[in-house]
Structures are given as C-alpha cells and as structure tokens.
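Me: I'm new to this one and would like a close look at a single part, the place where the ligand sits. Could you walk me through it?

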Amino acid sequence: MDELVALCKRRGFIFQSADIYGGLQGAYDFGPLGVELKNNIKQSWWDSMIYESDNIEGLDSSILTNPLVLRYSGHEDTFSDPLVDCKECKSRFREDQIIDKKCSNCGSDNLTEARPFNLMFKTGVGPIEDQDSYAYLRPETAQQIFTNFKNIIDSTSKSIPFGIAQIGKAFRNEITPRNFIFRVREFEQMELEYFVYPGDDDEAHDSWVQKRLSWWCEQGVPIENIELYDVPKEELAHYSKKTIDLMYKFPHGIEELEGIANRTDFDLGSHSKKQDELNIKANVLNNKDSNSKLAVQDETGKWVVPYVIEPSAGVERGFLAILNEAFTVEDLNDGKQRTVLKLKPHLSPVKVAVIPLKKNDDQMVNHTRSLIQEIKKLKIGRVIFENTGNIGKSYRKHDEIGTPICITVDFETLENGTVTIRDRDSMNQTRVDSEGLKEYINNKIKS
Ligand code: GAP
C-alpha cells in the first residue's frame with residue numbers, strides 16, 4: 001500500500017484533500033492522472049451498462065436528498081454502525097474494529113457499550129436555519145433511482161426486465177475512514193438497479209454476478225483474485241434477501257470491492273406504500289387496481305411491484321484494485337529495475353507520449369507538435385508532448401504512469417516520416433510510417 005500511495009502522490013494520481021491545511025480525514029482529491037484513470041473506469045462501466053446493452057437507461061440524480069426518501073427507505077432508522085468510545089483517551093471506534101475488547105489507541109479496556117451511529121450527512125437547506133430545513137447527502141445513489149422509477153418508465157416506455165444505471169457521489173460519515181481510498185467519507189458509486197418480475201430474481205442475481213466478474217476481468221482484475229462471499233443472513237443489509245460480495249485481495253487484506261444484492265421489492269414497495277398513503281389522503285388515487293404507485297402491470301394486467309437486483313461498485317475501490325493489479329516492478333537486463341503500471345490501455349490516463357530525440361532541435365520539435373495534432377484527431381484520450389531530451393527517462397516515467405505507447409521522433413523521421421513506437425509491456429521498438437502508426441494506435445487503445 002505504501003508504494004501505491006507514494007506513486008499516487010509523486011505522479012499526480014491522488015492527493016490528500018486540503019493537505020496544505022493538514023488534510024480532511026476520509027477525503028481525497030484526484031490529480032491530473034487520477035481524474036483520467038477514474039473517468040476511464042467510469043466510462044468503461046457506463047459503456048458496458050448503457051451502450052452495450054439494450055435495456056438499461058442512465059440517470060444523474062441530485063445528491064441532496066429529501067429526508068422523506070431516506071426515511072421510507074429505512075436509512076434514517078438503520079443506516080448506522082456500532083460506535084464505541086474509549087472512556088480514557090476519548091477515541092472512537094467501530095465495534096467490529098476493536099481487537100480483544102481494548103482501545104487500539106491507548107490499550108484501555110474502559111470502553112462504552114456500542115451504540116448506533118447514523119452514517120448519513122445532514123445539511124441545511126435554504127436561508128432559514130431550523131430543524132425542518134435540511135436534506136441529506138445521499139448515502140447511496142440507489143434511492144433516487146427508485147424515486148425516478150415511474151418517471152423513467154413513463155418517459156422511455158421500458159418494460160420489465162430493464163435497468164437504470166447511475167454513477168455519482170455518495171457520502172458516509174464513516175467512524176474510522178482508513179486504508180487510503182478504500183474507506184472514505186466521500187466516494188463515488190457505480191450502481192445498477194435491474195428490475196425483474198418476482199420469481200425471476202434468483203436467476204437474474206446469478207447472471208449479474210457472472211457479468212460483473214467478467215467486467216472486472218476486462219479491467220485487469222482477474223477472476224482468480226476475486227472471492228465470492230455469500231453474505232450470511234445476520235449480516236445482510238435491511239433491504240436484502242441475498243447479497244454476494246465480490247471480495248478482492250487489497251494490499252491491506254481481503255475486502256469488499258462490489259456488492260450484488262437482491263433487494264427484492266423492498267425499496268419500490270416502501271416508497272409505493274408511502275405514495276399510496278399520500279394519494280389516498282389527497283384523494284387522487286384514480287386507478288383502484290393499482291395498489292401501488294411504483295408498480296407495473298404484468299401480461300395479465302395485474303399490478304406488480306418489481307424485484308430489483310443491484311450490482312453496486314465503489315469507484316475508489318475499483319481504482320485501488322486496478323492500480324494494485326497493474327503495479328509491477330521488473331528486473332532489467334542491466335541489473336536495474338523498472339516500475340511499470342500495466343494498466344489495460346483503455347484505462348491508461350495517458351494513451352500516447354510523443355518524444356523528440358533532441359529537445360532543442362526546432363525542426364524535430366515542430367515535427368513532434370504536428371504529429372501530436374494528427375494523433376489527437378484519432379480521439380483516443382490524452383496524447384502528450386514529452387520534451388525532456390532524455391528518452392530513457394521519458395520511458396521510465398511513462399512506464400510508471402502506465403502509458404501504453406511512446407513514440408520517438410528522430411532524424412530519420414525528418415527524412416522519411418517514420419517514427420519509432422515503443423510498447424510499454426514488452427519494451428519492443430518498431431519503426432512504422434504514418435499509416436502504420438495510426439493502425440497501431442487504434443488497435444492498441446481501442447482493442
Ligand atoms: N446501494 C448499495 C450500497 O450502497 P454498499 O455495500 O454499502 O451498498 C456499495 O456499497 C459499494 O460502495 C461497496 O461495495 C464499495 O465498493 C463502495 N463503498 C461503500 N462504502 C464506501 C466507503 N466508505 N468508501 C469507499 N467506498 C465505499
């Protein structure tokens with residue numbers, strides 16, 4: 001973990017938030033390379049959910065959440081961790097993180113009984129500060145998917161089975177944020193709510209577990225490094241009938257990367273009941289057969305509240321797993337070592353670095369600049385100009401940040417237009433003309 005943290009800071013992937021003021025615990029900022037990698041992970045998830053499927057729609061809902069949503073979803077009552085205080089040094093812990101019933105700060109066993117600590121962040125809304133003018137920062141992106149269920153059905157004419165996918169920030173006031181970006185207070189989730197008829201839920205659940213394993217594998221996290229954990233009944237979230245956690249061997253231990261839950265009709269059902277109550281009160285429930293607002297009619301015309309399968313992955317945990325898998329230290333023939341991030345090319349923050357052999361040679365530098373403009377037309381992501389005048393040093397840097405292709409412009413380029421391509425993983429170098437270059441780049445990055 002220390003090596004990953006150091007690399008992230010040194011190369012501009014991740015910084016502690018507000019570190020010039022001593023930081024803010026559980027909050028991190030993604031730097032120039034981090035934001036690229038994060039966006040690429042999210043784009044890959046979005047592609048697989050929205051563009052590669054026929055029956056999933058996207059959503060970007062508000063982070064500020066009406067408290068009623070989280071009251072009827074059960075979060076106000078149950079979204080808590082057991083908090084224990086040390087009476088001696090006043091440290092606070094999650095009960096399950098205490099070893100041998102002793103404070104991990106001072107060693108005292110003078111601890112309070114555990115009490116529930118709600119993890120939701122509350123914030124004031126509007127200019128008047130009173131106890132009714134508040135909203136929550138959403139603790140999961142899922143709830144606004146449920147509250148938009150009807151809007152999306154009505155506007156897209158989707159029928160069961162279908163899904164709604166969303167990527168966005170979630171906030172949890174974790175008692176003990178820890179392990180770099182693994183457990184933080186502000187993070188992003190990639191969540192799919194996949195609606196099926198009751199009875200079809202078990203099969204859909206199994207199928208989503210397999211699909212998600214394949215996706216992680218395509219991102220460079222091999223299936224053999226993921227364990228499936230069938231969450232025991234007593235550990236299930238209040239909404240879940242069954243949850244399979246994808247457990248990954250993070251640098252600090254095996255922990256949850258993604259959870260795939262069968263949330264049954266719990267959420268749509270709870271919001272529906274409330275909607276019915278409100279409608280009956282307002283006397284606007286015009287369809288007597290509809291016993292619920294967030295329901296669909298099956299082929300017999302009966303109103304049914306769908307079940308939902310939810311694959312929910314944290315972007316930060318994915319980032320850490322992908323980085324951990326890609327991080328490699330290799331011995332070289334000259335007795336030295338190189339650090340190389342063997343990221344899948346579609347995830348690499350920089351796709352191509354173009355390096356002139358001589359940094360002060362105007363002709364070479366100008367040629368490099370115009371070549372970069374040509375490569376940018378391929379729309380592959382970041383292409384950068386690396387004018388250090390030291391090819392070896394540039395290669396080392398780009399190995400370390402995972403750039404799959406380095407291109408060198410030299411004297412021969414000025415004569416016949418050919419360039420040298422250097423492959424990150426094999427370190428093989430090949431000379432190609434401009435057509436060969438485009439083909440190579442397209443094959444490598446888009447494959
Ligand atoms: N909607 C379901 C849900 O939120 P969860 O297991 O609490 O379920 C889903 O969270 C995923 O969100 C986790 O598998 C994890 O990847 C990520 N996650 C949860 N809490 C996190 C935290 N404090 N820091 C970073 N990621 C977190």
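How many residues surround the ligand, and which are the closest?

Reply: Happy to. A quick note before we start: this is a predicted model, where local features need pLDDT of at least 70, side-chain atom pairs count only at pLDDT 80 or more, and totals for chains, interfaces and linings use all residues. Residues are numbered from 1 along each chain as its sequence is written, and side-chain values use heavy atoms, with hydrogens and water left out.

Now to your question. The ligand is surrounded by 20 residues, counting a residue as near if one of its heavy atoms lies within 4 Å of the molecule. The closest are Glu140, Arg172, Glu174, Glu191 and Glu256.

Next come some polar contacts (pairs of N or O atoms within 3.5 Å; within protein, one must be able to donate a hydrogen and the other to accept it, and residues adjacent in sequence count only if both atoms are side-chain atoms). At Leu257, a polar backbone atom lies 2.9 Å from an oxygen atom of the ligand. Two arginines bring in their side chains: an N or O atom of Arg263 is 3.4 Å from a nitrogen atom of the ligand, and for Arg317 the distance from a ligand nitrogen to a side-chain N or O atom is 3.4 Å.

How covered is the ligand? On its own it exposes 550 Å², and the protein buries 91% of that; such areas come from the Shrake-Rupley method with a 1.4 Å probe, and for residues only the protein chains shown count as cover.

As for where it is, the ligand sits in the largest pocket. A pocket here is found on a 1 Å grid over the protein atoms alone, as an open set of points where a 1.4 Å probe fits, with protein on both sides within 12 Å along at least five of seven lines; lining residues have an atom within 4 Å of a point. "Sits in" asks that more than half of the molecule's atoms lie within 2 Å of the grid points.

Three elements give two or more residues to the shell around the ligand: β11 (186–196), β14 (253–264) and β17 (307–314). Strands are DSSP runs of E with at least two residues, helices are runs of H or I with at least four, and both are numbered from the N terminus. The biggest share comes from β14, which gives five residues to the shell.
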